[in-house]
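User: I am new to this structure and would be grateful for a close look at a single part of it. Please take the largest cavity as the starting point and describe what surrounds it.

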Amino acid sequence: MPTAVVVGAGPNGLSAAVRLAQAGLDATVLEGADTIGGGTRSGPFDDEFPEVIVDHCSAFHPLGTSSPYLRTLPLDEHGLRWSWPDIDCAHPRDDGTAALLFRDIERTAAGFADAGFPGAGDRWLALLGKVSTHFPEVADDVLSPMLALPHHPLLLARFGLPALMPATALARFLGPHAGALFTGMSAHGFTRLDVPGSSAAGLMLTAAGHHGGWPVAVGGSSTITTALAGLLRSLGGTIETGHTVSDLAQIPADIVILDVTPRAAADILGARQPSRIARSYRRWRRGPAAFKVDYVIDDEVGWTARDCARAGTVHLGGEASEIAKAEADVAAGRMPRRPFTLVGQQWVADESRASGSLKPLWAYAHVPQGYSVDATEYVTAQIERFAPGFRSRIVAVRATSPAELERANPNYPGGDIGGGRNDLVHLVARPRLTPSPYSTGVDGVYLCSAATPPGGGVHGMCGFGAAEASLAALR
C-alpha cells in the first residue's frame with residue numbers, strides 16, 4: 001500500500017488526507033500544535049467564562065457548504081451540523097439604515113427597494129442572479145486552479161468578467177446602499193478595492209451566500225476539522241499532534257503534502273527543490289493582517305439599525321468609498337483611523353455559544369502586515385459607532401495581535417490569515433505562475449495551503465487539489 005504523509009492538520013491538510021485515504025493510501029497527518037484545526041480552532045473564552053465559546057479565527061462558512069469536495073463527504077456522520085442566522089450579513093450605515101444579505105436573493109433585492117433604492121434590487125439580480133442559481137457549477141471552476149480548463153465556460157464567463165472589475169466600479173453600478181454591502185463583501189479579499197480583480201471575493205462570497213447561506217458550525221468551527229479527522233480515522237488514517245516537521249528527511253513516504261506557507265515549504269525541502277521554484281516560494285508575498293478582538297458582552301450589542309441584531313455577520317466600514325480608502329491604506333502599510341471591521345454574532349445561529357445573557361462577540365479589523373500596535377480601541381470604536389452604548393455592555397475583552405496570530409498558527413505569518421496577497425497577479429500566479437500550482441518541483445511532494453488555488457476559506461479545495469495532483473502522478 002502506498003504511503004502518504006500530510007504536514008498540517010488544518011481543513012486543507014485534513015481534506016488532502018481524506019482524499020488520499022479514499023484512494024486507498026496509508027495516510028498520516030502530522031500536526032505541530034497540540035490540537036488539530038489550524039484556522040478552525042475554537043474553545044472557551046477563558047477560565048472565567050468556560051461556557052462562552054469563541055472561534056479562534058474562521059467563524060462563518062459560505063464556502064463550507066458549497067465546496068465541491070466537502071459537500072460530497074458524510075461529515076454529518078462525524079458530528080458536523082450547520083446552522084444559519086435569519087440574516088446572513090448586515091452592513092450598517094451612518095444614517096441608521098443597514099443593507100442586508102439574505103440567503104434568498106429576491107428578499108435581498110426587495111430590501112434595497114424597501115430602504116428607498118428600488119433600482120438597486122434590479123441591478124443586484126442582474127449581477128448575481130444567474131451566478132447564484134448555478135453556484136455549484138460556478139464553484140467547480142472558480143475553486144479550481146485559474147489555468148485549468150473550465151467545465152462550465154459560459155457560467156465562468158458570467159462570473160469572471162465582472163470579477164475582473166474593480167470592486168469600486170461595481171459598487172457605483174449598484175448604488176450607495178447595495179454598493180456599500182458589496183464593497184464590504186469584496187473587502188474579505190484583503191486587497192485594494194480600486195484595482196482590477198478586486199470584485200472576485202465579493203462576487204464569490206455573495207453568490208455563495210445566496211446559494212447556501214453563511215452558516216456556522218454548531219458548537220464551534222472546530223467541529224468541522226473534528227468531523228474531517230473522524231472521517232479520516234474511519235478510513236484507516238492516523239493523526240499525530242505535537243509533531244513538528246523541519247526537514248523532508250523526517251517524513252519518508254511515497255507522497256508528501258505540505259499544508260504550510262511557501263516559505264516554510266522551501267525551508268523543509270532545502271536543496272532538493274529546484275532553485276528557480278525555491279526563489280519563487282521565498283518571494284511569496286504576505287497579505288495585510290488581521291487584529292482580532294473577542295468580547296464577552298451582557299445581552300445584545302445594541303445596534304442602531306435593529307436588523308443587525310438578527311445578522312450572523314456584521315460589516316463595519318460605512319460607505320463604499322470609506323472602505324476602499326481604508327483598504328488602500330492597509331495595503332500601503334498605513335493604519336486607517338476607521339479600519340474595515342468584521343463582527344461575528346455566532347449565537348444568533350447557534351445558542352450553544354452563549355451562556356445565559358453572556359455572549360461571545362467575535363471581531364477583527366484589517367491592519368497592515370505585521371502591525372505591532374494594540375488596535376483594540378480601533379475595533380471597539382467602530383462597533384460603538386454603529387451601536388452607541390456598546391462599551392457599557394462589555395464584560396471581558398481579549399485581543400490577539402498579528403504576531404500572536406502567527407504564534408498560534410505559523411500559516412498566518414505577520415497576521416496574514418488569507419494565504420498571501422489576493423491581487424490579480426496572485427489570484428492567477430498562486431503560489432507561482434504554473435499549470436501545476438500544487439507541485440513543489442520535488443517528486444512526490446506537493447503544497448496544499450491557502451497559498452495555492454483557490455486561496456483562503458474553509459472549503460478544503462486546496463487540499464483536494466493537491467491530493468488529486470499527487471494521485472495523478474502516482475498513477
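Analyst: The largest cavity has a volume of about 40 Å³. The model in which it appears is a predicted one, and the count of cavities of 30 Å³ or more comes to one.

The lining of this cavity is made up of Trp284, Gly419, Gly420, Arg421, His426, Ala429, Arg430, Pro431 and Ala451. By class, these lining residues comprise four that are nonpolar, three that are polar and two that are charged.

Two of the lining residues, Arg430 and Pro431, also share a feature of the backbone. The peptide bond that leads from arginine 430 to proline 431 is cis, and its omega is near 0°. Proline 431 itself belongs to the loop that runs between helix H15 (424–428) and strand E16 (445–447).

Beyond strand E16, a further loop leads to helix H16 (461–474), and proline 454 is found in that loop. Here too a cis peptide bond is present: it joins proline 453 and proline 454, with omega at about 5°.

Helix H15, which covers residues 424–428, also leads to a feature of the surface. Leu424 and Val428 belong to a nonpolar patch there, together with Leu161, Leu164 and Leu433. The accessible area of these five residues together is about 450 Å². One member, leucine 164, is located in the loop between helix H5 (153–163) and helix H6 (167–174). Leucine 164 counts as partly exposed because its relative accessibility is 47%, a value that lies between the limits of 20% for buried and 50% for exposed.

Helix H16, which spans 461–474, likewise leads to another feature, the second largest pocket. About 290 Å³ of space lies in this pocket. It is lined by 15 residues, of which Ser144, Pro145, Tyr438, Gly465 and Glu468 are the closest to its centre. The lining of the second largest pocket divides into 10 nonpolar residues, four polar residues and one charged residue.

Two further backbone features complete this account. Phenylalanine 190, although not a glycine, has a positive phi of about 55°; this residue is found in the loop between helix H7 (176–186) and helix H8 (200–212). Phenylalanine 190 is buried, since its relative accessible area is 9%. Aspartate 299 is likewise a residue other than glycine with a positive phi, near 75°, and it lies in the loop between strand E11 (289–298) and strand E12 (311–316). With a relative accessible area of 44%, aspartate 299 is partly exposed.

Technical notes: Residues numbered from 1 in each chain as written. Predicted model: local features only at pLDDT ≥ 70, side-chain atom pairs only at ≥ 80, totals over all residues. Heavy atoms only, no water. 1 Å grid on protein atoms, 1.4 Å probe; cavity = no way out; pocket = protein on both sides within 12 Å on 5 of 7 lines; lining within 4 Å. Points joined across faces, edges and corners; volume = space filled by probe spheres on them. Nonpolar A, V, L, I, M, F, W, Y, C, P; charged D, E, K, R; others polar. Patch = residues over 30% accessible without salt bridge, like charges linked within 9 Å, V, L, I, M, F, W, Y side chains within 5 Å. Areas by Shrake-Rupley, 256 points an atom, 1.4 Å probe, with all protein chains shown as cover. Salt bridge = Lys/Arg side-chain N within 4 Å of Asp/Glu carboxyl O. Helix = DSSP H or I, 4+ residues; strand = E, 2+ residues; numbered from the N terminus. Buried < 20%, exposed > 50% of the residue type's maximum accessible area, 1.4 Å probe, protein only.
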